[in-house]
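Work through the exercises below with the sequence and the model open. Each task is followed by a solution in steps.

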Amino acid sequence: MILVLDFGGQYAQLIARRVREARVYSELIPHDTPVEEIERRRPEGIILSGGPNSVYEEGAPRVDPRLLDLDVPILGICYGMQLMALMLDGEVGAVQIREYGRSDLLVKDHDGLFAGTPDEQKAWTSHGDAVFSPPEGFSVTAETPSVPIIAFEEPEAGRFGVQFHPEVRHTEYGMEILKNFLYEACGCRPEWTPVNIITDAVEKIRAQVGDAKAICGLSGGVDSATAAMLVHRAIGDNLTCVFVDHGLLRQNEAEQVVEAFGENSDVPLIHVDARGRFLDKLGGVTDPEAKRKIIGEEFIRTFEAEAGRIEDARFLVQGTLYSDVIESGTRSAAKIKSHHNVGGLPEVMDLDLVEPLRNLFKDEVRVVAAELGMPDRMVWRQPFPGPGLAIRVIGDVTAERLEILRKADFVLQDEIRSAGLYRELWQSFAVLPAIHSVGVMGDARTYAYPVVIRAVTSDDAMTADWARLPYDLLERISNRIINEVPGVNRVALDVTSKPPGTIEWE
Ligand code: XMP
């Protein structure tokens, strides 16, 4: 296991991901994690990430000097390298010409980190400071035209530093360099494979839950489905899944969840048809926040009623991902009385959490899901908001308007999938505004709804760009929606990025 100490660099999370891509388990931890705790975790190697500060700045993050006394190989990246230099009495200063972007590396030593890579290579740099003189015992292993010490190492002591970013794809041999650190310097083996992840998760769940019973709310998305499958593998029928169909799902979505979990699998599934209840509550409500609140509350009430019938349930399974953990800064699973994903379960439930995906990134969850035999269409499902179509039917949410949107959305998905673009897009969906426009069909006047197409690319939903869908694809989508969906006579395309727009319309 490799621990990545986070100094706040924009690529810190990426380092952990790349290490995992090299099939070595790694975790990102705060830079001020006590040395005793780091030692207790017994990492095979430590990576110090980059960071936005200069090492000389007041308040710049530091580490306990005892870290460097540990008998564990350490790789410092960018700020991490400078910090290592400073702590070992090297010299760090501001460079005259700042390097941002691609730099030409000249490698002078191929014995350590650069083994198997060429003399000249491109590397991604982003720094204003650099090491001016290396600590005693260190040799300089690479330079750039403007920075004489772009990498150094002391292989005997297992200390390595690179001023560039091996974790960034633009660094030509970044993965080789990381692998040299992992496999050669740290002696790690590439054993973090999907099969091992599953075996490991199943063992941990068994140890946590024992003979007790657990419940899991299924949303239709890949995360909760994967969590449920892992827990089912671990404790069998002591897991009951609850799937609340609130009637705000896309076409065939409820059937797909039931198919993946219901009769065809042996996971006990309670399928609650709450469509009528939700629609009643939403009647006449047009304010987006009011809709969200009603749906959240109703969801909790429905879930609670079903969960209350499962005797002795002591655990609640959640599909929390590693990115959520990093973002919230939470370090250990807490006993909860509320379920934030669904808006806060009632206090009386008093359940312990089981979060088998807590250490996984989304792409790793998908690999695990596929390995568990989940159908492709579930594995690769685009994110879908909890309040569902209610926040894509603008204004009044009625059965009739939901049906129009569902049909239009189905056509859109069908065409996007046929064009081979489904996985490339972060999300693609249809929106039904609360307006009518005039059209002409079959020589007659129409006065019907427009449908808006929204397709975006994104890495994390924090920012997004509108997708440049090919014109011929847009033409097919438009023709089919107007021909196949009664009540629609016009198709428009949303060309707004986020910011200033949000991905959803409400
Ligand atoms: P916005 O519209 O804020 O959405 O750009 C960002 C991402 O979050 C999803 N989204 C939600 N997901 N419950 C969820 O589970 C919600 O209430 C919710 N609202 C938005 C949205 O689909 C996008 O991926």
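**Exercise 1.** Is cysteine 78 buried or exposed, and where does this residue sit?

Solution. Step 1: the relative accessible area of cysteine 78 is 6%. Step 2: buried means under 20% relative accessible area, exposed means over 50%, and partly exposed lies in between, with a 1.4 Å probe and protein chains only. Cysteine 78 is therefore buried. Step 3: cysteine 78 is placed in the loop between β4 (74-77) and α3. Helices (H or I, at least four residues) and strands (E, at least two) are DSSP runs numbered from the N terminus. Step 4: phi of cysteine 78 is near 55 degrees, a positive value in a residue other than glycine.

This is a predicted model, in which local features need pLDDT of at least 70, side-chain atom pairs count only at pLDDT 80 or more, and totals for chains, interfaces and linings use all residues. Residues are numbered from 1 along each chain as its sequence is written, and side-chain values use heavy atoms, with hydrogens and water left out.

**Exercise 2.** Find the other listed loop residue, aspartate 443, and state its phi and its exposure.

Solution. Step 1: aspartate 443 lies in the loop between β16 (437-441) and β17. Step 2: its phi is about 65 degrees, positive although aspartate 443 is not a glycine. Step 3: the relative accessibility of aspartate 443 is 81%, so this residue counts as exposed.

**Exercise 3.** Describe the surroundings of glutamine 82.

Solution. Step 1: glutamine 82 belongs to helix α3 (residues 79-87). Step 2: with a relative accessible area of 3%, glutamine 82 is buried. Step 3: contact means heavy atoms within 4.5 Å. Apart from neighbours within four places in sequence, glutamine 82 has contacts with Val55, Val92, His127, Asp129, Ala130, Val131 and Gln163. Step 4: the side chains of glutamine 82 and glutamine 163 make a polar contact at 3.0 Å. A polar contact is a pair of N or O atoms within 3.5 Å; within protein, one must be able to donate a hydrogen and the other to accept it, and residues adjacent in sequence count only if both atoms are side-chain atoms.

**Exercise 4.** Which residues have the most contacts inside the largest nonpolar core, and which domains supply residues to this core?

Solution. Step 1: a nonpolar core is a set of buried Ala, Val, Leu, Ile, Met, Phe, Trp, Tyr and Cys residues joined through side-chain atoms within 4.5 Å. Step 2: the largest one has 71 residues, and Leu5, Ile46, Leu67, Leu230, Leu239 and Phe261 have the most contacts inside it. Step 3: helix α6 (residues 222-235) gives the largest share, nine residues. Step 4: at least three residues come from each of domain 1 (2-185) and domain 2 (194-379); the bounds are from an automatic or database domain assignment. Step 5: leucine 239 touches Ala214, Ile215, Cys216, Ala228, Val231, His232, Val267, Pro268 and Val317, residues up to four places away in sequence not being counted. Step 6: a second, separate core has 44 residues, including Ile215, Ala408, Ala467 and Val488.

**Exercise 5.** How many residues of helix α7 are buried, and what do they pack against?

Solution. Step 1: α7 (residues 253-261) is mostly covered, with seven of its nine residues buried. Step 2: these are Glu253, Ala254, Gln256, Val257, Val258, Ala260 and Phe261. Step 3: the buried residues of α7 pack against β10 (213-218), α6, β11 (239-245), β12 (269-273) and α12 (376-379).

**Exercise 6.** Check the span of helix α14, then sort its buried and exposed residues by side.

Solution. Step 1: the expected span is 1.5 Å times one less than the number of residues. For the 14 residues of α14 (residues 471-484) this should be 20 Å, and the end C-alpha atoms are 20 Å apart, which agrees. Step 2: Leu473, Leu474, Ile477, Arg480 and Ile481 are buried in α14. Step 3: they cover an arc of only 140 degrees around the axis, which puts them on the same side of α14; the arc is that of the directions from the helix axis to the C-beta atoms. Step 4: Tyr471 and Asn483 are exposed on the other side of α14. Step 5: the buried residues of α14 pack against α13 (399-418), β17 (444-457) and β19 (488-493).
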